Amino acid sequence: MKIHFIGIGGIGVSALAQYYLEKGHQISGSDLVASEITEFLKNKGIDIFIGNSAAHIQQDCDLVIHSPAVKSDNSEFVGAKSMKIPLQSYPEALGQLTKEYYTIAVSGSHGKSTTTALIALVLVKAGLDPTVIVGTKLKEFNDSNFRMGKSKYLVIEACEYDSSFANYFPKITVVTNVDKEHLDYFKTFKNVIAEFKKFILKLPADGFLVANKDDKHLVKISKGKFTSIYYSIRQKDAAKVKKILKIPGQHNVSNALAALSVARILNIKDGIIFKSLSLYKGSWRRFEIKEGKVGTKKIIVVSDYGHHPNEILATLISSREKYPSKKIWCVFQPHQYQRTYYLFDDFVKVFRKVKINEILITDIYDVAGREEKEINAEVNSEKLAKKINRKNIRYMALADAEKMVKEHIKSGQVLIIMGAGNIYKLVDRF
């Protein structure tokens with residue numbers, strides 16, 4: 001089959017494109033901007049177009065799969081429709097695959113990528129040879145977000161935004177937590193909870209729910225005809241997991257306990273599970289540590305994807321635990337005007353609470369297709385820094401923030417570069 005992907009640079013869409021490529025199909029794809037991911041796909045033999053044009057869709061194309069962010073007036077979407085080529089969104093296409101495999105779907109407001117990675121690596125270590133679609137790049141998968149397996153097992157990251165996970169049919173559903181996230185879509189926390197409940201209740205009678213018992217909102221929606229299994233940082237295994245994990249933070253202990261629960265459902269021996277958990281060194285932009293340099297000064301650089309107040313809190317608490325006596329700098333890029341607007345007070349509380357020496361908040365990353373002009377006019381990083389009202393926290397344009405860090409950071413100090421936008425590119429400048 002000839003399959004074209006619109007928005008192929010997306011972390012989920014790019015993994016699905018690799019799946020079909022491995023299956024022997026002819027793949028092409030487009031994205032608005034070139035990125036590490038589009039370059040990676042090009043090197044794998046996928047035809048990549050930068051920019052959208054109806055000319056990218058050929059009459060002999062069998063299927064067009066598009067990112068959920070693609071609007072119906074997109075030129076390639078319109079072109080495919082006019083040629084009567086079947087169109088599917090990424091969640092719809094992935095949903096079809098979930099019916100063909102014994103699917104383990106990892107959902108939750110936070111911790112999905114790490115938990116998906118941990119489950120996948122335990123299954124690989126146990127010889128279960130899973131196919132994996134994850135929202136980050138793993139060194140163990142040759143810096144890819146995809147692994148092709150030969151068994152019946154499929155491990156996927158199941159995002160709740162746009163109710164994407166409603167398309168999936170798992171046998172095991174993991175829910176790490178339920179939080180006030182994606183309010184641009186859900187509008188209220190009540191709606192978030194309702195959507196997670198719907199997803200949970202899709203489980204068949206012979207299915208399993210693996211749920212975080214430490215989340216009171218989740219516990220309330222965790223009962224059904226399926227088997228519910230709970231994990232908690234208060235369970236006996238937590239101390240052992242904390243001791244062996246290489247990735248810092250209580251939140252990661254919780255993520256690892258979810259993986260432990262899934263592995264036990266599949267009758268994997270504890271020895272294999274704990275060995276796998278102990279070997280995991282983290283993934284792309286998830287507390288990713290590297291040695292940085294500013295002239296002759298050697299520093300520690302941490303790249304992190306945290307963009308929700310609770311993720312930021314978890315990352316910065318973990319940072320202070322890992323580096324108790326070091327001076328820590330943080331450059332944070334808020335992700336999306338709508339998120340910053342809806343969770344403004346939560347951002348203020350978190351930044352007032354954390355024990356980080358210097359925090360520079362740079363301009364909000366504008367998410368194309370997911371913003372509203374009225375809200376964009378209401379909120380900005382300068383207002384956020386002013387409201388936080390702490391001497392060590394200030395607003396700075398990205399170039400100025402880079403300059404300030406380079407001028408004042410000393411050898412042995414820590415620099416955290418945090419956000420879900422293009423802020424990660426700053427890592428290469430240190």
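This is a dialogue about reading a helix, its salt bridges and a cavity in a predicted model.

Visitor: I would like to begin with helix H5; how many residues does H5 have, and what span from its first C-alpha to its last is expected at 1.5 Å a residue?

Guide: In this predicted model, helix H5 covers residues 112-125, which makes 14 residues, and its reach of 20 Å from the first C-alpha to the last is close to the 20 Å expected at 1.5 Å a residue. Just beyond the helix, H5 is followed by Gly 127, whose phi is positive, near 80°.

Visitor: Is H5 largely enclosed by the rest of the structure or largely exposed?

Guide: The general idea is to ask how many residues fall under 20% relative accessible area, the cut-off for calling a residue buried. In H5, 12 of the 14 residues are buried, so the helix is largely enclosed by the rest of the structure. The buried residues run through Lys 112, Ser 113, Thr 114, Thr 115 and Thr 116, and they continue with Ala 117, Leu 118, Ile 119, Ala 120, Leu 121, Val 122 and Leu 123.

Visitor: Which elements do the buried residues of H5 pack against?

Guide: Their neighbours include four named strands, S6 (102-107), S7 (131-138), S9 (153-157) and S10 (172-175), together with helix H10 (250-265) and helix H11 (270-279).

Visitor: Turning to charged side chains, how should I read a salt bridge within a helix, and how many salt bridges does the structure hold?

Guide: The structure holds 15 salt bridges. As a general idea, an α-helix has 3.6 residues a turn, so residues three or four places apart point the same way. Helix H2 (residues 36-43) offers a case, with Lys 42 and Glu 39 lying 3 residues apart, about one turn of the helix, and their side chains meeting in a salt bridge at 3.6 Å, N to O. Lys 42 counts as partly exposed because its relative accessibility is 42%, and Glu 39, at 39%, is likewise partly exposed.

Visitor: What separates Lys 406 and Glu 402 in helix H17?

Guide: Lys 406 and Glu 402 are 4 residues apart in helix H17 (residues 398-408), which means that about one helical turn separates them, and their side chains meet in a salt bridge at 2.8 Å, N to O. Burial has to be read for each partner: Lys 406 counts as partly exposed at 28% relative accessibility, whereas Glu 402, at 12%, counts as buried.

Visitor: Which residue forms a salt bridge with Glu 407?

Guide: Glu 407 pairs with Lys 403, the closest N and O atoms being 3.9 Å apart, and both residues lie in H17, 4 residues apart, about one turn of the helix. Lys 403 is exposed, with a relative accessible area of 51%. Elsewhere, salt bridges that share partners join Asp 237, Arg 264 and Asp 270 into one network.

Visitor: Finally, how many cavities of 30 Å³ or more does a search of the whole structure find, and which residues line the largest cavity?

Guide: The search finds 1 cavity of 30 Å³ or more, and about 40 Å³ of space lies in the largest cavity. Its lining is formed by Glu 181, His 182, Leu 183, Asp 184, Gln 336, Gln 338, Arg 339, Tyr 342 and Leu 343. Helix H6 (183-186) and helix H13 (337-342) each supply at least two of the lining residues, with H13 giving the largest share, 3 residues. By character, the lining divides into 3 nonpolar, 3 polar and 3 charged residues.

Key:
Residues are numbered from 1 along each chain as its sequence is written. This is a predicted model: local features need pLDDT of at least 70, side-chain atom pairs count only at pLDDT 80 or more; totals for chains, interfaces and linings use all residues. Side-chain values use heavy atoms; hydrogens and water are left out. On a 1 Å grid over the protein atoms alone, a cavity is a set of points where a 1.4 Å probe fits but cannot get out, and a pocket is an open set with protein on both sides within 12 Å along at least five of seven lines; lining residues have an atom within 4 Å of a point. Grid points are joined across faces, edges and corners, and a volume is the space filled by probe spheres set on the points. Ala, Val, Leu, Ile, Met, Phe, Trp, Tyr, Cys and Pro count as nonpolar, Asp, Glu, Lys and Arg as charged, and the others, Gly among them, as polar. A salt bridge is a side-chain nitrogen of Lys or Arg within 4 Å of a carboxyl oxygen of Asp or Glu. Buried means under 20% relative accessible area, exposed over 50%, partly exposed in between (1.4 Å probe, protein chains only). The expected span of a helix is 1.5 Å times one less than its number of residues. Contact means heavy atoms within 4.5 Å.
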